[in-house]
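Dear colleague,

Please find the structure below, for your examination alongside the notes that follow.

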Amino acid sequence: MSVLLEMKNIHKVYPNGTAASRGVDLQIYEGEIHALVGENGAGKSTLMKMLFGLEMPTSGTILYKGEPIALSGPRDAIKYGLGMVHQHFMLVPSLTVSENIVLGEEPKQGPLSLFRDRGTEEKQIAQLMATYGLKVEPQAKVETIPVGQKQRVEILKVLYRGARIIILDEPTAVLTPQETDELFDSIKALVAEGYTIIFITHKLREVMEISDRVTVLKAGKTITTLMTKATNPEEISRLMVGREVLFRVNKRPAEPKDAVLSVKDLQAADDKGAPALRGVSLEIRAGEVLGIAGVEGNGQTELVETITGLRRSTGGQIRYLGEELAGRSAGRIRAMKVGHVPEDRQTAGASLTSTIAENLILDHYRNPAFRRGPFLNARKIKEFARTMMQIFDVRAAHEQVAAGSLSGGNLQKVVIARELSKNPKLLIVSQPTRGVDIGAIEFIHSEIIKRRDGGAAVMVVSAELSEVMALSDRIAVMYEGEIVAVLDNTEALTEEEIGRYMLGLGTKTEHPERKEQEAI
Amino acid sequence: MWQSIWSQLVDMTLVVVLLRYMTPILLAALGGLISDIGGVLNIGLEGLMLISAFTSIAVGSASGHWLVGVAAGMTAAVLTCLGMGFFSIKLGVDIIIAGFAVNIFGSGITIFLMSKIFHVTGNYTPDQRTPIPTVNLPFLQDIPVLGKLLSGHSLMIWIALLAVLFCVALIYRTPYGVHLRAVGEAPSAAKSLGIPVNRIRYSALAWSGAFAGLAGAYLSMGMTSMFVKDMTAGTGFLALAVVLLGKRNPVGILIGSLIFGLASAITTIVQTTEGTAIPSQFVQMIPYLVTIGSLVVFEARKRKGAAVPATHTI
């Protein structure tokens, strides 16, 4: 195989002095699937931006088929056949699928080529779909299609522009397992057609499954490039993090005590008004972790929002330490020592324009400890923030840095620090490690278990089945707004068994006799 | 009184008056629409109309030809918009603030120039009148009701109606229109595809200036034959309300403009009818009440669309 694209000793220093790349070397062979791994902040995104012409390297050379090239904009990148599928989709929601695919390169017709040629557009897209087996509905508006299809639209967009090298930036972060499988099939089909794929990811399982070679980045430098067949996840993660990483969460068996939260027959509607929770009943005891498994969109989001007061319930009970939570505001529920790590830290978990310190006291600013009369006590807040940053290993220059400038993992640590610092009796954690790197995942998991051992009732909702299985003592599986199974998380429990319930292929509820007792 | 109003309704006077009032609202709203779709909502329509109204009548009477006047008015409005673009796109001023500035500027500069050039303060009526011509349709004008409905309108009324079709074609049938929508909605997506985001935004503002320019020219050379200080009297803001009501769609804009044109027409007819018992101040409130009413209805309908409001956005 010949070298198609090469980056040699690339350095990138941003005007504010941040050195994002400090000597990156990367060789991409024609027709390979090349995985690029590294922790958050290792410089993967910067590297890709440079390949796509969105940023220029400060020094170093990029070679295309042995010739040095300069990429000064997306158009240049497209010229050399480089196409990128961004992690956050670059789609226009109100345009149709086909309008999005041809955007910027529309077939034209009429006088002075003033008008769109929809006939040609349709034909070309149909041909693309047929060639690569990527099925989409060309006339549907992008805002109405599911995530997996949006990604296919992005890939078609890149193919339509004649890209031969396709960069996928964490493509599976938002996909369900089934969608991921479909994506991998498409990727394999593309490689068979002679395309080259650069695959950026956090998930080592995916690296092992699909890549030919893997390049590890750490702190802006290339550590090494390995043949995937000749390595293993442990080696890659050690290279990424610089130390051994535990893949299993170290925990003792739970010692559950009294029920902290008991939800009975809870009902709620989704944003569109359709029923999302159809009578959910569950119980979490002090000192145990209840995991909620399920394909995303089966009511997990609504369940968490309803319990934490962000969404109104339409029926049922939420008893917390003997008090009813339904009907109370989020603020009052929080004041009752309920901690909540929302699934989307960018919009609901943190205020991106506020500083780290401000984010850390978002839930505590009424606390007299941080007040001086009617004013905030800046000194106390600073002390508190510094302590928290130290305990939770938040990597930032100081506590006055805007939260929005933190990497995903660091921001999540800020949110978790805030929620844990109130010593919650009930801790509800959604997607605790989404988009978070391996080192931070290990840390966040161990913090959650520490709270459990300290006597808190913990609910963990995650799209990653492996995460639910690693953390939980019991696992409740949600399907279409109902809990279809509650399983004890023993060694004997397999992903396949949970997967069956996730797809709605069976039900199993725990202790039916207990329900009757309570009814009496 | 009611009989008189009724008779005007039957003999199509209402429709004729409605079309006259609708035209400036419709033109300005189409301009606002294009800027809104491009993500640079131009709230300076009022000021732009004033600038164009003054420029067009001044240049029109000096040159002796209405077309030169209209072209000058449009040019002045477009240049003002490009200035807005310079401040908002290049220098990063909030587009709403830039629009506010244009509204204040438009009112001030026209009064200033009127006093400096023509040495009048309240209004300026040129000696040489150069009105935008009216279109009389032969044969049709002799048919009783239909003639009144279709013939004898200012050319600008027809231009306004054709402008709706023009905008539909521009927004939905051309690549430019798709780029405009992409830039307004997802600028980073547009940029990643090599679409020149800033250039498209400048062009969106220029379009809004061109349409507001036509609207302004009609005020001083079609509806009247003079320039009066602050003669727009809120038309630009009515147009803005229409932009918000029109659901980003030229046909919606047309419907909205018709509603507001109707409200203004009713106001005029009731006011000019002999023996009106209703105090004129109340009658003059009608267009503004319609504005508030329709915005409320619009919002209520939007809420109904999402039965349970998204909690995170609160």
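In this predicted model, A:S472 touches A:K251, A:V289, A:L290, A:G291 and A:N489, leaving aside residues up to four places away in sequence. The residue lies in the loop of chain A between α16 (465–471) and β23 (474–479). Its side chain reaches the backbone oxygen of A:V468 at 2.6 Å. Is A:S472 buried or exposed? Its relative accessibility is 1%, and because the limit for a buried residue is under 20%, A:S472 counts as buried.

The second topic is the sheet. Six strands of chain A form an open sheet with mixed pairing, in the order β18-β21-β22-β15-β23-β24. The edges are taken by β18 (338–341) and β24 (482–488) of chain A; each has a single partner strand, so one side of each is left without a neighbour in the sheet. From one strand to the next, the twist averages 15°.

Within this sheet, β15 (residues 289–293) of chain A pairs with β23(A) in the parallel sense, over four bridges. A:I292 has A:A476 in β23(A) as its bridge partner.

Two helices of chain A should also be mentioned. Helix α14 (residues 408–420) of chain A packs on the sheet, where it touches β18 and β21 (426–430) of chain A; the direction of α14 makes about 175° with that of β18(A). Helix α17 (residues 495–502) of chain A likewise packs on the sheet, touching β15, β23 and β24 of chain A. The direction of α17 makes about 35° with that of β23(A).

With kind regards

Technical notes. Residues are numbered from 1 along each chain as its sequence is written. Chains are lettered from A and ligands numbered from 1 in the order in which they are written. This is a predicted model: local features need pLDDT of at least 70, side-chain atom pairs count only at pLDDT 80 or more; totals for chains, interfaces and linings use all residues. Side-chain values use heavy atoms; hydrogens and water are left out. Buried means under 20% relative accessible area, exposed over 50%, partly exposed in between (1.4 Å probe, protein chains only). A polar contact is a pair of N or O atoms within 3.5 Å; within protein, one must be able to donate a hydrogen and the other to accept it, and residues adjacent in sequence count only if both atoms are side-chain atoms. Contact means heavy atoms within 4.5 Å. Two strands pair if DSSP finds at least two bridges between them. Axes are lines fitted to C-alpha atoms, for helices over the stretch in contact, and angles run from 0 to 180 degrees between N-to-C directions.
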